[in-house]
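Modeller: Ask about the empty space and the bound molecule. I will set each value against its cut-off.

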Amino acid sequence: MTQTKKSIHGEWSSRLAFILAATGSAVGLGNIWKFPYIAGENGGGAFVIVYLLCILLIGLPIMMAETLIGRRGRQSPINTMSDLADEANADPKWHYVGWLGVISGFLILSYYSVVAGWGIAYVFKAFLGSFSDADGTAIKNTFSDLMSSPLQQIFWHSIFMLVTMLVVSRGVAGGLEKAVRFLMPGLFVILMLLVAYAMTTGSYQQGINFLFNPDFSKITGQAVLTAMGHAFFTLSLGIGAIMVYGSYLPNSISITRTSILIAGADTAVALLAGIAIFPIVFANNLEVAAGPGLIFQTLPIAFGNMTGGWLFGILFFVLLVFAALSSSISLIEPAVAWLVENKEVDRKKACVWAGLATWVVGLGTVFSFNVWSDFKIFDRSIFDLLDYLTANLLLPIGGFCVAVFAGWIMRPEDSEHELRSSKPIYYQVWWFLVRYVSPAAVFLVFLNVVGVL
Ligand code: PHE
């Protein structure tokens with residue numbers, strides 16, 4: 001028999017509320033900050049194609065799996081996994097998947113908050129007119145100045161963590177739901193404006209070619225791993241974020257349709273960001289492989305030189321920070337929901353604990369851009385290591401487990417009950433993907449990276 005439960009943390013007020021919140025979680029620094037710079041570092045077109053394939057064949061099915069698992073369990077990922085394992089007569093150890101997610105979310109947020117802090121710093125720089133008429137070199141120096149100052153970065157990182165904790169402490173349906181309603185459309189409009197500016201740079205075609213003309217000789221095993229890892233990162237998969245949001249999803253809503261919408265919007269934002277950025281890179285002889293500073297060294301040039309650039313600059317960075325906020329909330333929510341359920345602390349205290357711990361770990365990222373820049377573990381700075389460990393390893397491992405759980409452990413009648421597709425073929429396609437294609441793809445990419453394949 002399939003039964004349904006209710007969450008103690010509340011429920012989304014409508015389908016739109018869930019779509020907005022999940023899109024808010026998905027769309028964030030991953031789309032606007034990370035996607036362009038890793039596409040730049042990995043040679044453009046071919047990388048983008050691999051990334052799109054990963055979204056379609058791995059990301060989307062796993063997103064549906066996470067949502068349906070969350071909705072069925074109606075608790076924090078850890079308790080949900082243990083209940084559903086119980087329901088399927090499976091090993092209770094499956095709840096470690098939930099733990100894995102809590103840890104990954106915590107580690108991601110530690111550096112995510114630092115980068116979001118750079119975004120807040122840029123809101124003020126835009127406001128003070130630091131970009132007006134500036135050329136590529138001046139803009140580059142502005143960014144290096146920020147990187148070399150631990151104090152400034154700690155300051156902005158602290159502000160971002162504080163705001164995150166404040167919003168999360170208010171619970172699901174409060175501030176969060178309302179905020180995303182305006183953010184997403186606003187972000188879209190500004191990105192379109194930037195794309196329009198990119199068309200005037202004279203290097204639009206070159207930017208487009210870089211982004212969409214595949215040169216498969218540039219694809220290495222590591223590049224494929226990065227593309228796959230990013231598919232998980234950008235869709236907020238493998239950490240229980242979508243699972244926890246799914247646990248607040250009313251039963252009447254179609255998981256298939258909402259997942260397609262969310263993944264589509266997420267991909268569109270990433271591609272738009274790339275289309276806006278690369279023409280500026282080429283027009284100003286900047287480096288495509290500039291790394292994490294890419295958007296901070298390119299977009300300000302556009303704002304400094306376009307009409308109305310002062311205002312658009314401020315708006316853009318404000319929206320970027322809000323997009324980051326709607327993601328950071330979901331990074332910490334699995335941990336908070338678990339603390340509330342298991343440690344009998346109230347939501348506020350849970351936020352303070354989780355937030356403080358994240359803040360401390362974030363200092364490692366701040367220092368990796370200055371005082372500890374020479375400190376390397378496995379040849380990587382602390383920031384690089386955290387990013388690699390989470391996006392390229394922990395998220396795919398978490399996602400792999402979710403796929404295996406949904407495809408092999410859960411009873412098909414239960415997953416079918418949750419998906420309730422209007423046409424049986426949709427369910428069958430999903431089931432095939434989640435049972436065979438997604439886990440096999442993740443596994444093969446891993447084998448390739450460790451050199452077995
Ligand atoms: N998807 C978010 C982004 O692209 C980051 C994120 C990852 C959020 C994992 C939640 C969970 O910025």
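Biologist: By class, what makes up the shell around the ligand?

Modeller: Seven nonpolar residues, eight polar ones and no charged ones. Gly counts as polar here; Ala, Val, Leu, Ile, Met, Phe, Trp, Tyr, Cys and Pro are nonpolar; Asp, Glu, Lys and Arg are charged; the others are polar. This is a predicted model, so local features need pLDDT of at least 70 and side-chain atom pairs 80 or more, while totals for chains, interfaces and linings use all residues. Numbering starts from 1 along each chain as its sequence is written, and side-chain values use heavy atoms, without hydrogens or water.

Biologist: Which residues come nearest the ligand?

Modeller: Ala-26, Gly-30, Tyr-112, Phe-233 and Ser-236, out of 15 around the ligand (a heavy atom within 4 Å). Helix 1, helix 2 (29-41), helix 10 and helix 14 each give at least two residues to that shell. Helices are DSSP runs of H or I, at least four residues, numbered from the N terminus.

Biologist: What makes the approach of Ser-25 to the ligand a polar contact?

Modeller: A polar backbone atom of Ser-25 is 3.2 Å from a ligand nitrogen. The cut-off for a pair of N or O atoms is 3.5 Å, so the pair counts. Thr-234 also uses a polar backbone atom, 3.1 Å from a nitrogen of the ligand. Asn-31 uses a polar side-chain atom, 3.4 Å from a ligand oxygen. The protein covers 100% of the 320 Å² of accessible area that the ligand has on its own (Shrake-Rupley, 1.4 Å probe).

Biologist: Which space does the ligand take?

Modeller: The largest cavity. The test is that more than half of the ligand's atoms lie within 2 Å of the cavity's grid points.

Biologist: Why is that space called a cavity?

Modeller: On a 1 Å grid over the protein atoms alone, a 1.4 Å probe fits there but cannot get out, so the space is a cavity. Its volume is about 130 Å³. Fifteen residues line the largest cavity (an atom within 4 Å of a point); Ser-25, Phe-233, Ser-236, Ser-327 and Leu-331 are closest to its centre. Helix 14 (309-342) supplies the largest share, three residues. The lining has eight nonpolar, seven polar and no charged residues.

Biologist: How many cavities of 30 Å³ or more are there?

Modeller: Three, in the whole structure.

Biologist: What volume does the largest pocket have, and what lines it?

Modeller: About 300 Å³. A pocket is an open set with protein on both sides within 12 Å along at least five of seven lines. Its 14 lining residues include Glu-41, Thr-226, Arg-380, Asp-387 and Tyr-388, nearest the centre. Helix 16 (382-409) gives the most, five residues. The pocket lining has five nonpolar, four polar and five charged residues.

Conventions: Grid points are joined across faces, edges and corners, and a volume is the space filled by probe spheres set on the points. A polar contact is a pair of N or O atoms within 3.5 Å; within protein, one must be able to donate a hydrogen and the other to accept it, and residues adjacent in sequence count only if both atoms are side-chain atoms.
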